[in-house]
Amino acid sequence: MPDPRLDPGRFASVHRQGGPGSSRQAPPPSGRGFWRRLAAKSGCCCGCCGNRQRERDWEPIPGEIPGRRAAQPIRPGLLAPVWLRPGSSANRVAHHTQEFAWRPLVVRRGQRFHVGVALPRPLREGEGLCLELTLGPNPQVAKGTHVLVPLGDSSPTGWRAELDEGVAEPLGGVAGCDHALWVGLTAPPTAPIGRYRLSVRTRTEAGEFAAPFEPENDVVVLFNPWCEEDSVYMEKTSDLSEYVLNESGRIFYGTEEQIAERAWNYGQFEPGVLEACLFILDRRGMPHSARGDPVMVARVVSAMVNSLDDSGVLVGNWTGDYSQGTNPSAWAGSVGILRSFHGSGAPVRYGQCWVFAGVVTTVLRCLGLPTRTVTNYNSAHDTDTSLTTDIYLDEAMRPLERLNTDSVWNFHVWNDCWMKRPDLPQGYDGWQVVDATPQETSSGLFCCGPCSVTAVKNGDVFLKYDTPFVFAEVNSDKVYWQRQAHGGFAVVHVEQGAIGRRISTLGAGSAARVDITDQYKHPEGSEEERRAVNAATSHGSRPRQRGPTSAGEVTLTVGSGPAVAGAELDLRAVVKNQGAEPRTLRLRFSLCAVRYTGVAGAAFRQEQHRRTLPPAQEDTVTMTVSYSEYQPHVGDQDALKLTVAAAVQETGQVLAKELLVRLHTPELTLTLLGPAVVGQEVPVQVVFQNPLPEPLTGASLRMEGAGISCPKPVSLGSVGAGQTLRLSQSVTPLRAGQRRLAATLESAALPPLTGSVQFNVAAGDTGDTGSTGNLTGNAGSAGRRRRRRRRGRPGGSTGG
């Protein structure tokens with residue numbers, strides 16, 4: 001089937017002379033073979049001579065709605081463009097957008113791309129050509145959303161259009177045309193991002209002709225971190241292979257002492273994802289003219305990825321009941337979430353912090369913002385802006401959970417994105433925290449950031465956005481309060497350095513966990529760190545609490561033996577007397593389940609112990625917990641929290657420590673059983689061992705990967721106690737290059753188990769290495785049919 005864009009009467013045929021019923025027709029264009037030349041040398045087509053005073057006087061057509069142009073009659077003498085083609089095949093590589101679908105063309109601001117224009121004859125001296133772009137439903141020239149760029153000149157907003165005879169790609173052969181030219185079009189590095197409608201206008205002595213806007217000529221403009229003038233520019237451009245181009249990664253979770261990871265398919269180049277990302281900005285009602293500011297775009301994304309306030313992408317659920325949606329731990333990537341939200345307009349159920357963060361990484365990378373997914377262990381949630389984490393105990397040193405509104409999350413996942421901050425004093429550019437997990441409101445909305453990581457490190461909590469909240473997450477002190485005989489509370493212990501531990505992300509180019517704690521805070525206990533804490537807490541809701549720290553004659557440490565789901569658990573507290581006199585201690589153990597958000601359940605095991613320690617001696621107090629005892633209390637993503645409080649009888653010294661224990665679960669092992677080739681099925685073996693002393697029933701397995709067609713979830717039936725299961729599933733790679741396949745096993749008795757395998761996909765017979773199809777198309781058989789049709793077209797690739 002011939003490409004309708006190669007029709008020489010493409011524009012002219014729909015703009016004949018006269019209205020309905022008129023028999024008068026414009027003469028058809030004549031001439032052949034103009035696609036065989038880049039530009040004819042006869043005539044002037046760059047505006048370099050004659051009538052330069054008219055280059056800047058292109059104006060919107062009175063009365064028309066930009067982007068919705070009605071049919072225009074072609075009067076004799078008007079120059080009606082025959083064909084318009086955005087993008088040469090080299091643009092996709094040069095703009096690092098070759099993984100996006102072929103249409104619409106995706107480019108980055110601040111960098112030239114090409115527009116092919118076919119004319120029935122060359123431009124003559126005194127005639128002009130202008131490219132026209134509109135953005136949004138109500139584009140306006142004054143707001144930079146209606147752009148008119150004369151050839152050989154620039155628009156007032158900085159768009160430039162120049163004749164480019166250096167394009168090596170031939171435009172092909174189309175009958176009925178004598179002239180074609182490549183125009184190099186450059187969006188300014190401050191241009192609003194989004195999907196622009198593109199058209200062309202010509203001017204002759206007979207008047208002006210404006211070609212219609214057609215969807216296949218749309219151009220999507222993104223942020224450009226490779227452009228030095230763009231506010232998201234990253235000097236170390238090698239890192240952009242990770243922070244913008246990498247479609248798969250790993251998200252860290254667990255506890256400080258038991259770090260775990262899950263594979264995540266960001267899939268920012270998958271069909272339908274770009275359209276979903278732009279829909280998110282539309283859904284929030286963000287003005288199109290403001291979409292050139294990455295600060296505001298990141299803030300809108302932070303608000304829109306959770307469903308509160310604005311019916312955004314994901315519904316948060318931490319109840320443990322996911323019967324009305326998907327268990328957050330069962331998600332393996334962002335693609336299905338974003339496609340579902342865009343397709344239905346309804347928030348997707350359900351998400352927790354790593355799901356929110358995974359989706360934010362997808363959206364911001366897709367839009368061109370360098371972004372990384374960050375995990376903070378022992379992450380505080382400060383509910384009263386005191387910038388301290390307060391823990392209340394009764395007279396017997398038992399936790400008073402009803403008063404403990406502040407919480408310490410086992411881990412919390414958010415995002416860092418890279419940008420300049422012209423709205424802040426100098427020195428706060430670089431990584432900025434963005435958090436879509438709804439915890440506290442910011443200016444009345446559930447969003448957080450962008451907040452300068454440098455501001456957090458230095459305790460500059462007076463700077464926007466939400467710096468006090470992020471500072472408390474990573475560097476607040478834990479303050480223990482004990483109820484006194486008169487009913488009031490007094491500070492009995494201050495624990496420094498317990499909050500904000502082993503802050504982690506995936507390293508650029510290393511595929512390994514990188515500890516970035518030093519980017520968020522000065523070394524614990526250092527003069528700089530204490531100065532930052534004091535500076536921050538001086539802006540808190542109450543004066544800084546001074547109390548005893550961990551220094552004293554007696555020390556307390558807590559720990560555990562191997563923690564494996566289904567096995568017995570050994571917990572311990574070690575007390576040591578460093579003084580010269582014997583000391584008598586009263587210790588209280590309290591064990592409860594705690595959600596990863598720090599919300600604790602009721603204690604299901606409590607013990608009291610009394611120990612006498614000779615000088616320079618230590619003692620170990622243990623507590624053993626069976627699987628049958630803890631299993632009813634531990635849910636999905638839960639850990640066990642051991643609280644140990646001790647009081648020294650002779651001196652009144654009070655000590656307190658908390659220990660989080662995450663039960664280890666086995667990972668899935670994935671093995672590719674054949675070569676991976678585009679368009680060909682390849683079997684993958686999944687191996688899993690049931691760690692429980694009882695059968696596992698009702699389990700299901702799902703797979704997901706960027707550029708990979710995966711089967712539907714499959715039920716595993718019953719897996720016996722200790723039994724090893726081997727399952728083979730076939731997947732089909734859709735794009736060449738390095739790919740990662742992730743698998744998730746979901747069951748009622750275990751937290752979802754994950755595993756992944758990374759492999760290289762070879763190009764198939766077609767040689768295709770990038771995405772094909774429409775923005776919302778399916779990358780399956782329909783996309784392959786489109787590729788076959790393209791190979792039969794004259795003039796080489798038609799891709800942008």
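## What covers helix α4

In this predicted model, the cover over the buried residues of α4 includes α3, α5 (335–344), α6, β18 and β19 (430–434). Helix α4 spans residues 294–304 and is mostly covered, with 10 of its 11 residues buried. Those buried residues are P294, V295, V297, A298, R299, V300, V301, S302, A303 and M304.

After α4 comes a backbone feature worth a look. D309 sits in the loop between α4 and β14 (314–316). Its phi is positive, about 75°, although D309 is not a glycine. D309 counts as partly exposed because its relative accessibility is 45%, and the partly exposed class runs between 20% and 50%.

## Helix α3 and its crossing with α6

Helix α3 has its own set of buried residues: V273, L274, A276, C277, L278, I280 and L281. Their cover includes the strands β2 (105–108), β9 (194–204) and β11 (219–222), along with the helices α4, α5 and α6. So α4 appears in the cover of α3, and α3 appears in the cover of α4. G285 follows α3 and has a positive phi, near 75°.

How do α3 and α6 pack, and at what angle? Helix α3 (residues 273–283) meets helix α6 (residues 353–367) at about 100°, and the axes are 10 Å apart. The two helices are therefore roughly perpendicular to each other. On the α3 side, V273, L274, C277, L278, I280 and L281 make the contact; on the α6 side, T362, V363, C366 and L367 do. By class, the contact has nine nonpolar residues, one polar residue and no charged residues.

## The largest pocket

The largest pocket has a volume of about 780 Å³. Its lining counts 36 residues. Nearest its centre lie N378, K478, A498, E658 and L659. The lining divides into 13 nonpolar, 12 polar and 11 charged residues.

Which elements give two or more residues to the lining? They are β17 (389–393), β18 (407–419), β22 (489–495), β25 (554–560), β30 (639–648) and β31 (654–661). The largest share comes from β31, with four residues. Strand β18 is thus part of this lining and also part of the cover over α4.

## Two buried strand residues

L655 is found in β31. L655 is buried, with a relative accessible area of 7%. Beyond its neighbours within four places in sequence, L655 is in contact with V554, T555, L556, V644, A645, A646 and V648. L655 and V554 are 101 residues apart in sequence, yet 8.3 Å apart in space, C-alpha to C-alpha.

S379 is found in strand β16 (residues 371–381). Is S379 buried or exposed? It counts as buried, at 1% relative accessibility. Leaving out residues up to four places away in sequence, S379 touches S407, V408, W409, H412, W414 and E473. One of these partners, E473, is a buried residue of α8. S379 and I499 are 120 residues apart in sequence and 6.0 Å apart in space, C-alpha to C-alpha.

## Helix α8 and the cis peptides

Helix α8 (residues 467–475) is mostly covered, with eight of its nine residues buried. The buried set is T467, F469, V470, F471, A472, E473, V474 and N475.

Which residues does a cis peptide bond join in the loop ahead? K464 and Y465, with omega about -5°. Y465 lies in the loop between α7 (453–458) and α8. A second cis bond runs from G449 to P450, with omega near 0°. P450 is placed in the loop between β19 and β20 (451–452).

## A positive phi in a strand

R502 is found in strand β23 (residues 501–506). R502 is not a glycine, but its phi is positive, about 45°. At 31% relative accessibility, R502 counts as partly exposed.

## The chain as a whole

The chain holds 12 helices and 39 strands. Of its 800 residues, 58% are buried. Among contacts between residues at least 6 apart in sequence, 71% join residues at least 24 apart.

Note on methods. Residues numbered from 1 in each chain as written. Predicted model: local features only at pLDDT ≥ 70, side-chain atom pairs only at ≥ 80, totals over all residues. Heavy atoms only, no water. Axes fitted to C-alpha atoms, helices over the stretch in contact; angles between N-to-C directions. Parallel < 35°, antiparallel > 145°, perpendicular 65-115°, else oblique. Contact = heavy atoms within 4.5 Å. Nonpolar A, V, L, I, M, F, W, Y, C, P; charged D, E, K, R; others polar. 1 Å grid on protein atoms, 1.4 Å probe; cavity = no way out; pocket = protein on both sides within 12 Å on 5 of 7 lines; lining within 4 Å. Points joined across faces, edges and corners; volume = space filled by probe spheres on them. Buried < 20%, exposed > 50% of the residue type's maximum accessible area, 1.4 Å probe, protein only.
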